[in-house]
Structure formats: C-alpha cells, structure tokens
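Please open the structure in a viewer and keep the selection tool at hand. The tour below proceeds from one selection to the next and states what is found at each.

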Amino acid sequence: MNSMSSTPLLQIRDLNIVFPFRKRSITAVHKANLTIGHGQIHAVVGESGSGKTMLARSVLKLLPPPATIAGGSVLFRGRDLASLDDRQMRAIRGAEIGMIFQEPLVSLNPALRVGKQLFEGLRLHSDLDKGEIRERAIAMLRAVRIPDPEDCLKRFPHEFSGGMRQRIMIASVMTLRPKLLLADEPTTALDAIVQKDVLDIMRDVVGEFGASVMLISHDLGLVARYADQVTVMEKGLIVEQGPADEILRAPTHPYTIKLLASLPHGPQEKGRVSETAEKVPLLTARDIEVHYEIPSPWPFGRTRHKRAVAGVSLDLREGEMLGLVGESGSGKSTLGRALIRLKNPTNGTVSFRGKDILGLSGSSLRTVRRDLQIVFQDPYSSLDPRMNVAQLIAEGMRHLPEATRSEKHERVAEMLDAVGLGEIYASRFPHELSGGQRQRVAIARALVTRPAVVVADEPVSALDVTVQAQILTLLQQLRERFGFSCLFISHDLGVVESLCDRVLVMYQGRIMEQAPTSRLFEQPHHPYTCRLMNAVPVLSNTEQGYRLRETALTAQPLVQGDDYFDPMTDRGSKVRLQEVARNHFVALQHG
Amino acid sequence: MKRLLRILSRPNGLIGGLMLGFVLLIAATGAVYTPYDPTGQDYLARFEGASATHLLGTDMFGRDLLSRLLAGAGVSVTVSFLTVLVAVTGGVIIGAFCGYWRGWFDRIVMMVIEALMAFPGILLALALMVAIGPNKYGVVLALALAYLPSVTRLVRGTVLSLREKEYVEASVALGNSTFYTLIRHVLPNSLGPLIVLSTTMFGWVLLAESSLSFLGLGVPPPAPTWGNMLAEARGYLMRFPWLGILPGLCISFALLGVNLFGDALRDELDPRNN
C-alpha cells in the first residue's frame, strides 16, 4: 500500500490467452503488455477478433470458457491476480474493478427495479446501513445527471432509453468507487448524440473519483477524444502502444496507419453537386407517411397508430448519391423501404420515372421492382443461409424471361467479378464468408438486374473499419460503372460526407434539413443538425497527422418571425421547408 | 440418391438408417411370413417362455409372440407414418399461411388451434374415434387431428420470426411472389425444428395408438399392433414381463432409428453443418 504512488494501477505482463482445443489451441491474445496508471483513460483499439475484449475480461478473470490464461501475469495494485482464489477475486470484482458492457439492456436485470440493482453492490461490498446506501446511490445518479434520482430508483430498466440505461449502469458501477473501470464498447449500441453525453459523463465521474478506465473501442474518433493512452491490437497482438495524441500524429505500425486511413476522409472533390442537381428526378416522393399499427390489448379494440414517417417529400435524381442521416428511430429505414414499396406508405405518393408506383400490383409491380433494389445493413441475416452464392445472385434474374440459362450463368460470373469476388465463391454458402464478403454478395444480388435505384440501408455499419472502407470504395466504383442512383441511409456523418452528393437530415419522421453535402457540413442551419455534427468526433488528416476536429456549430439565425421546427415540442403542428440558399432547405414552423 | 448416401455417411445417419431400414423391412414383409398364425390361439401353450417351438414365447391366449410382433409391425408403422405425414402436411400448410399473412384469418385459426390444444391429444383422439368408429384409417385421422395443433404452432412460430428476416424482404424486393418466397426462403429455414418435432411425434403416435387400443378404440383386436400388444400385456406384467417388454423394445427400437435418422437428415439439409 505504501508504494501505491510508484506502482501502476494495472500491469499486464506477457499475457497469453488461449482457447485450448483438442486438435490445436487457438491463441486469442499473445504476449500482451499493458500498463495503466492512476487516473488514466487507456483505450484498447482493434477490429473484431483482435482479442481486445479477451484482454479486458482477463483482468476480472471472467474469460468465457474454454479460454484460459496460459502464461504471463496480471498485476492489480501490485498484487498478482492469478494468485487469488475465487473468494478473494469476488471481493475485487465490483469493489475495486468495475465493468460496463456494451448492451445496457441486457446488463441490467429487467425484472428488478433500478434501486435494488444499485443497492446490491453496496450491500455486498460495504457495511453502510440502508439509509446511507440509498443516499450514496442517489448522489451517484445525480452525478451521472439523471433528472429525478429518487423517482429513478423506483423504476424498471425498460422505462429508460438506451443512453439513460448506460448512465444508470455507470452509476451502479461507480457507487462502489472502483479504482479501475473496464468499459467494453460502452456506447457502440447508442446514437452519436447520446454517445457523447454518456462518455462525457463517464469521463467526469471517473475523474471525480480518480479512477482509471480501460476503454475498449473500435472507434478511433472516440479514442482521440477521450483517451490518454492507446493500445492498438491486431489478431491478438499488440502492435502499437503510446500516448493517444502521439499515435494519432505519427502512427508507426502499418496496421495503425491502415486503420486511420480507413476512416472516411472528409468531403469529396467538389463540382459533382451542381452537375446532378440539375438532372431530372428519377424517384419522387411527396408527403410520404408510414404508420405502424399498435394492436389493442383487447380483441376487437381500436388499434392505435405510430407515425414512423410523418410527411416526407424528396427527389432522387439520375445518378445521384443521396445521403439520409438520422439517429435510430428517426424513421430513415422505414422511409427507404417505403420508397421501393417494401412497406406501403399510409399516405403520399411515390413515382418512378414519372409513373406512380403505389397503385401497381401483380406483375407490373414485379417488373418495376427490378429497377428498385435494396442492400441491407446486416449481411448475416440478409442472405438465405440455405442458398449458395451463385443461387443467391441468380435469384434476382428469375423475372428476366429473355435471359437463357447460360446468359444468367455469365451474368452471375460477371457480377461476382464486379464485386471483387472470384468465381470460386460461386458454390460457397453464406456461413463460409466473412461479413465483408457477404455484403459483396448482397450488393451483387441487388445489382444483377441493373436497377436504376438502389437503397443502401446502413450497408457498412455492421462491418469493421477497414472492411467498411473497402465496401464503400466498391460501391463508388459500381456506381460509376453501372450508373444507378443511390439513397444512402446512414447514421455515420463521416461516411455520408465522403460519399454523397446531397444529404437529408431526418429526425422524428421528418426532414429537418436538406442541402448539398459540402454546404451542409460547412453551414448547417437547423439546431438538430448542429447538435448531430458536434456529437460526432471526426478525425481529419492534416499535415501534423490525424487531428480531432471538434466543432461547436450553432444554428444560423433566422429572419424575424420564423422559428426552426422542433418535433419534440411541436407535435402535430405543421412544418414547412424553407429554401435558405440554392438547394438548401430547412424545416421551419408553419407560421 | 446422393443425398441419401451422404446422410448414411454420418454415424447417426448410418445407425439410424440401418435400424429404420430393418423396421421397414419387417413392416413390409412381416405379415407375409410368420412362423405361426398371429391370431391363432393355442390354449395348451399359454404364457410359455422362449423355446425352440415358440422363439419368443406365447401370450395369454397361447398366440406366438414373434408372429404377432412381425405382423404388428406393419400396422403400427403404417399408422404412425401416415399420422405424422397427415399432421405435418396439414400443420405446415395452416401454420405457414397463418404465420405469413397473419391478420384476422390467423387470429381465428389460432383461436381454434389453441382451443384444441387445451384438450389432451389423446382425449381429442378418443372423441374423434367414437365418432369415426374403430378402424386403421380412423386411428390415423383421429391422431393426426390430435397432433396437428402442435405442428401448426411450431410452424407458425418459426414462419413468424423468419418473415421478418432481411433475406425474405430481399426476395420480395427482387420481385418474387409471396408463394415463391414462402416455399423457397421461409419453409426450408424452418425445417430444423420441424424434423425434430416430427420424429418425436412418431414416438408419441406409436404410444397413443396403444392407448386407443387399450380403451378399445384403436385398431380392433385380434389384429396385432405393437401398441395393443403392450396394452394387453398390462395385466400380466408382474408374472410374465416379457409380454410387455418385447413390444416395448420394438417401439423403442423403431423410435431410436427414426430419431437418429431424423437428426442426420436435419444436419444434411442444413448447409451450415457441411
């Protein structure tokens, strides 16, 4: 104890973690060395399968079986954790080392009130009496900025949003004042704005108690914003380690350089915008509304409706890449599906090449579907597991009666080649492919009929950063080659900025702002757009290496008498899109 | 054919296949050649143990057990297979339809199905048998109806979750008809649990048939089935256990064969396991 100031908080030395299998064991982490000092935020960065989670879990000795530590040591405050038995280990878990998981929904027990879960740890690890425990919990909830802590204790986890749940999780871990906090992708499941809130709170709370954090993440922007030290992992090996700003300024290992280069690199060359802006609209939507039915709990009772899309008009022009951004629940996916009639809009019109498509049915609808394709977010569920790659791609051509068998075969081979997969992949099944390869197959399937419009619904958000960059490049190439128009749905502003010609910002089922990409990113008008942009940490490549681009954008002032439309306060009131500059529209309150 | 060979190349497929093949062979030929007349009674040779004259002994009426088991195989196996076939076919059609289209039709059908499920299957079959009258096809129909609800529920459930999968949406986006999507993408992916249920059901039906026989409503005596032999043996189990053990063993044997083969079939049909 007396040497506390000199010994680092956590020291991992030559740690090996292996999965011992009968035939041969697989090494998950190889000879890892890592030191975390007092009051530091140390980020461990890597793609899926890099072993970063294993490394974090080994600190708590909570490795998923059959993984075991096969050498090396973990020293916590100078004590070797390997020498501790289960009982001693339990005393450390929670009290001295706390852990926050990725999914706040599953890491809080849905059947227990928040209060009970907050008190649990304190009852176990401290000898405070009931009143003191309660006070401590309330103080901690206040520290994570929960509005009404007393009330919060009485509620159940499902009554809170994902961000609030993650704050409660932080509070429940921090009530015990642990010296080290392991945060495993704590905000990956959350939206940008909420993510910033949660991480800011975590940094503040941790700073207040002088604790250290081991932050597991795949997001280099986040790392740049919050971490002091960075460890980069690749396939179980630590490839680079050091102070965050130094590594971002001058990365040395090729893998780190590759990771950084995979980030969306700012706006594309200008000039394209005006080109497409003048073209004829290919797909036109007017006042689209999509309602979801919420069935009544009573038989024959009245069903209620939720408006997922609440009146959206848009034009997708010939050859255009139109970005659609918004947080989860904003209705962007529903809108994308409604445009190609995978969901039937409740109100409004959609026309393709000037012809209404909402009235179509039967074979005429099937014919138009050839021109309207979609690429889904999750390549793991968008491919039928029982079909091989050739069958999957060929399925798109079932309704091309003029194509012969050998022509179809050729087309499949051609598409496979176009998406960068060789013909050897034709007989593979989806489970034999990686996420990126699956997404390539999904793209090939969508493009095999040479559609005029492709809706890409978050096509890269389930993929690792480096794969993400490859798929985006591929999408660009294919667009140049086949010349389709694309509605690119994403929550990632960086990707949209580097890829799209125009951007729509959607919030609560409505369009808040619409502008050419460069214009929107330079001069956002609507307060929501500004909030969104401020929340996203963007790394930009400068002469001095990668730099975090922090923005503090504020909404542009309006002419007197006008007000920005805010769907949170103006429920039901009308909205109008005002053109503030050429092709730049902003949602205002209908006055 | 290539598929069948591949199934047989799996250990469980080979063992299950051999067992099942043996049972089917007996079922097909058992009635043609039996050492004795399976219904012929011999009051001088009741309750005899295994001997050279009666290889597996005789029952309470002096009927040769081996002959009865061989002859009974045909009836038992036909009834079980037909029942499972009818129940699964009906259940898949109704379940798939309800799960995919949902709406008012689904609500009404599922209400009826749930009402049926409230009765024990055997009770339902009993009521139906009383209405139809005891004969082989009556048993098939009654038991199939009794087991239809569980198949329907299972298929509806899996279809309900599969229809939300993105590959189903992708199929719609490609311009495929609903029927095609259902046949090509939804049903094949619900095959796994369905095969498990069917093979388990095969066992239930073998036993249920015996219960019906026991209550005098199954395949009418003196025609032998494994089920009614088991039922008849009940009164003599303490003194002459082999009367029950032998048909019981036959049922277990057939059941194990079907289950092993079913598992191999399920694995073979799923590309993820190859």
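Begin by selecting chain B of this predicted model. Chain B has 11 helices and 0 strands, and from the N terminus on its elements run α-α-α-α-α-α-α-α-α-α-α. Along the principal axes, the C-alpha atoms of this chain fill a box of roughly 75 × 45 × 30 Å. Of its 274 residues, 45% are buried. Among the contacts in chain B with a separation of 6 or more, 68% join residues 24 or more positions apart.

**Helix H2 of chain B**

Next, select residues 11-29 of chain B, which form helix H2. What span should its 19 residues have at 1.5 Å a residue? The expected value is 27 Å, and the end C-alpha atoms are 27 Å apart, so the two agree.

Within H2(B), highlight Gly13(B), Gly16(B), Leu20(B), Val23(B), Ile26(B) and Ala27(B), which are its buried residues. In an α-helix there are 3.6 residues a turn, so residues three or four places apart point the same way. Now add the partners against which the buried residues of H2(B) pack: helix H1 (2-8), helix H3 (65-101) and helix H11 (242-269) of chain B.

**Helices H3 and H6 of chain B**

Keep H3(B) in view and add helix H6, residues 136-162 of chain B. The axes of H3(B) and H6(B) are 6 Å apart, and the two helices pack at an angle of about 35°. The crossing of H3(B) past H6(B) is right-handed. In this contact, 22 residues are nonpolar, 6 are polar and 2 are charged.

Then centre the view on Val88(B), which belongs to helix H3 of chain B. Is this residue buried or exposed? Val88(B) is buried, because 22 other C-beta atoms lie within 10 Å, where 20 or more are required. Leaving aside residues up to four places away in sequence, Val88(B) touches Val151(B) and Ser198(B). Select Leu194(B) as well: its C-alpha atom is 8.3 Å from that of Val88(B), although the two residues are 106 residues apart along the chain.

**Helices H10 and H11 of chain B**

Move to helix H10, residues 226-233 of chain B, and display H11(B) beside this helix. Their axes come within 8 Å and cross at roughly 155°, which makes H10(B) roughly antiparallel to H11(B). H10(B) passes H11(B) in a left-handed crossing. On the H10(B) side, select Trp226(B), Met229(B), Leu230(B) and Ala233(B). These meet Leu243(B), Gly244(B), Pro247(B), Gly248(B), Cys250(B) and Ile251(B) in H11(B). The contact has 8 nonpolar, 2 polar and no charged residues.

**Where chain A touches chain B**

Now display both chains together. Here, 22 residues of chain A are in contact with 15 residues of chain B. On the chain A side, the elements that give two or more residues are helix H14 (362-369) and strand S17 (372-375). By class, that side has 7 nonpolar, 6 polar and 9 charged residues.

**Helices H17 and H18 of chain A**

Finally, select helix H17 (residues 435-447) and helix H18 (residues 465-482) of chain A. Their axes come within 10 Å and cross at roughly 20°; H17(A) and H18(A) are therefore roughly parallel to each other. The crossing of H17(A) past H18(A) is right-handed. Among the residues that make the contact are Ile443(A) and Leu447(A) of H17(A), and Leu474(A), Leu478(A) and Phe482(A) of H18(A). The contact divides into 7 nonpolar, 4 polar and 1 charged residues.

How values were computed
Residues are numbered from 1 along each chain as its sequence is written. Chains are lettered from A and ligands numbered from 1 in the order in which they are written. This is a predicted model: local features need pLDDT of at least 70, side-chain atom pairs count only at pLDDT 80 or more; totals for chains, interfaces and linings use all residues. Helices (H or I, at least four residues) and strands (E, at least two) are DSSP runs, numbered from the N terminus. The expected span of a helix is 1.5 Å times one less than its number of residues. A residue is buried if 20 or more other C-beta atoms lie within 10 Å of its own, exposed if 12 or fewer, and partly exposed in between; C-beta atoms are placed from the backbone. Two residues are in contact if their C-beta atoms, placed from the backbone, lie within 7 Å. Ala, Val, Leu, Ile, Met, Phe, Trp, Tyr, Cys and Pro count as nonpolar, Asp, Glu, Lys and Arg as charged, and the others, Gly among them, as polar. Axes are lines fitted to C-alpha atoms, for helices over the stretch in contact, and angles run from 0 to 180 degrees between N-to-C directions. Angles under 35 degrees count as roughly parallel, over 145 as roughly antiparallel, 65 to 115 as roughly perpendicular and the rest as oblique. A crossing is left-handed if the near helix is turned anticlockwise from the far one by less than a right angle, and right-handed if clockwise.
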